[in-house]
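Let's walk through this structure together, from the fold of one chain to the contact between chains and the empty spaces. Keep the viewer open as you read.

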Amino acid sequence: MAIRQGLLALLSRGPRYGYQLRAEFEASTGATWPLNIGQVYTTLSRLERDGLVAPGEQDDQGRVVYTITEAGRAEMARWFGTPVAQADRPRDELVIKLAMAVTAGADVRPIIQAQRTATMGTLQRLTRARRANAEDPAQRLVLDSMIFQAEAEQRWLDHCEAVLAASPQTQERQA
Amino acid sequence: MSFDPVVRLADVGRVHGDGPGAVTALSEVNLAVGAGELVAVMGPSGSGKSTLLNVAGGLDRPTSGDVVVEDVSLTRLPAGELAALRRRHVGYVFQDLNLIPSLTALENVTLPRELDGIRFRDARRQALEVLAEVGLAEVADRFPDEISGGQRQRVAIARALAGERRLILADEPTGALDTPTGDEILQLLRARCDAGAAVLLVTHEPRYAAWADRVVFLRDGRVADTAAAPMESAR
């Protein structure tokens, strides 16, 4: 998971307390990836175990400042330099649903239309959120990414509809 | 807030030709766009999107049903009055910019206002104001081939916005622009909308349709579905 590397990236700008890391992580990702403070401290202790960060002395309120190590900077550079693999996508349910609907001989058009309306609603919400967060470049890029993904889904739905309309197999079933 | 429809389509149909060769472009379309509202129309090629826009703006007449703009029914309006109403109330933005290459940006925006019978000084002042609104005050004296594609499209939008037109009709206004430039165009249309205009936008790009308050999906000339954004922002 990218929480490790994300915290290293934040620490590369200077030493931070745990609660600061949590706030900055959420600000950078447009609150699309909320972290709880427990996750932050668990991750920090693993990073410390692996020699990627070093804790300072406790202050009088019991807080500890963490500093990135040379090994931590190398790990961050490796992360930035490595492309992300196309992992399992959570949207697979939609792909499976449409494939199963075609196989089962159901009328796929209303399924596509309902999904298109729902995805457009998501896209409208994201677009509004981006207009409201236009100044912060990190948040903007995160929202842009989600907008492009929703847009890709819309295009794919249009594509499915066109392919099914042209397919003699589905036309027979709907006749 | 009461709904103040700037344009209303009631049971609108548009059939081209007659007899066995007749082609139905629109049927039983009901749609109202209120002041401050941005409505996007999506649909595959040939679904009737552009016909809908042309009928809404009085560039084409329905073969059944009624179109009402600013409380005036267009259906039986004589051609001269229809043209006057279009000039007074309706601004058009098309994909083909139709800027006149031998005129500066300012002159391109001023000329149609002069043709509407507005005094040169007033037309020029309005044009300068609207060019400033779209962020082009600095390039007002340049010719179309001396500015970028995005700037040219903004000139075309300024031309559509000049005067006090409350109905803006935009047919694929983002054309072949890259996405940040296309987003800027939507930002302009949205701002005019938030200032009280009604905007009807035809687009095949979901990312631009998503700026709308409502998205209407057309299929074979009929409204297949409508997606409405929640009233509150997603913050």
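The paragraphs below begin with chain A and end with a pocket and a cavity.

This is a predicted model, in which local features need pLDDT of at least 70, side-chain atom pairs count only at pLDDT 80 or more, and totals for chains, interfaces and linings use all residues. Residues are numbered from 1 along each chain as its sequence is written, chains are lettered from A and ligands numbered from 1 in written order, and side-chain values use heavy atoms, leaving out hydrogens and water.

Chain A holds eight helices and three strands, in the order α-β-α-α-β-β-α-α-α-α-α from the N terminus. Both kinds of element are DSSP runs numbered from the N terminus: helices are H or I with at least four residues, strands E with at least two. Of the 175 residues in chain A, 36% are buried (under 20% relative accessible area with a 1.4 Å probe, protein chains only; exposed is over 50%, partly exposed in between).

Now zoom in on helix α2 of chain A, residues 18–28, where Gly18(A), Leu21(A), Glu24(A) and Phe25(A) are buried. They lie on the same side of α2(A) because they cover an arc of only 125° around the axis, taken from the directions from the helix axis to the C-beta atoms. An α-helix has 3.6 residues a turn, so residues three or four places apart point the same way. The buried residues of α2(A) pack against α1 (3–11), β1 (16–17), α3 (37–49) and β3 (64–68) of chain A.

How many residues does each chain bring to the contact? Chain A gives 21 and chain B 28, with contact meaning heavy atoms within 4.5 Å. Between them the chains bury about 2,100 Å², 55% of it on carbon and sulfur atoms; this is the accessible area (1.4 Å probe) that two parts lose on being put together, summed over both. On the chain A side, Gln124(A), Arg128(A) and Arg131(A) lose the most area to chain B, together 31% of what that side buries.

Finally, look at the empty space. The second largest pocket (on a 1 Å grid over the protein atoms alone, an open set of points with protein on both sides within 12 Å along at least five of seven lines) has a volume of about 690 Å³, the space filled by probe spheres set on the points, which are joined across faces, edges and corners. Its lining has 29 residues (an atom within 4 Å of a point), and Arg116(A), Glu161(A), Ala162(A), Pro44(B) and Arg219(B) lie nearest its centre. The structure also holds two cavities of 30 Å³ or more, a cavity being a set of points where a 1.4 Å probe fits but cannot get out.
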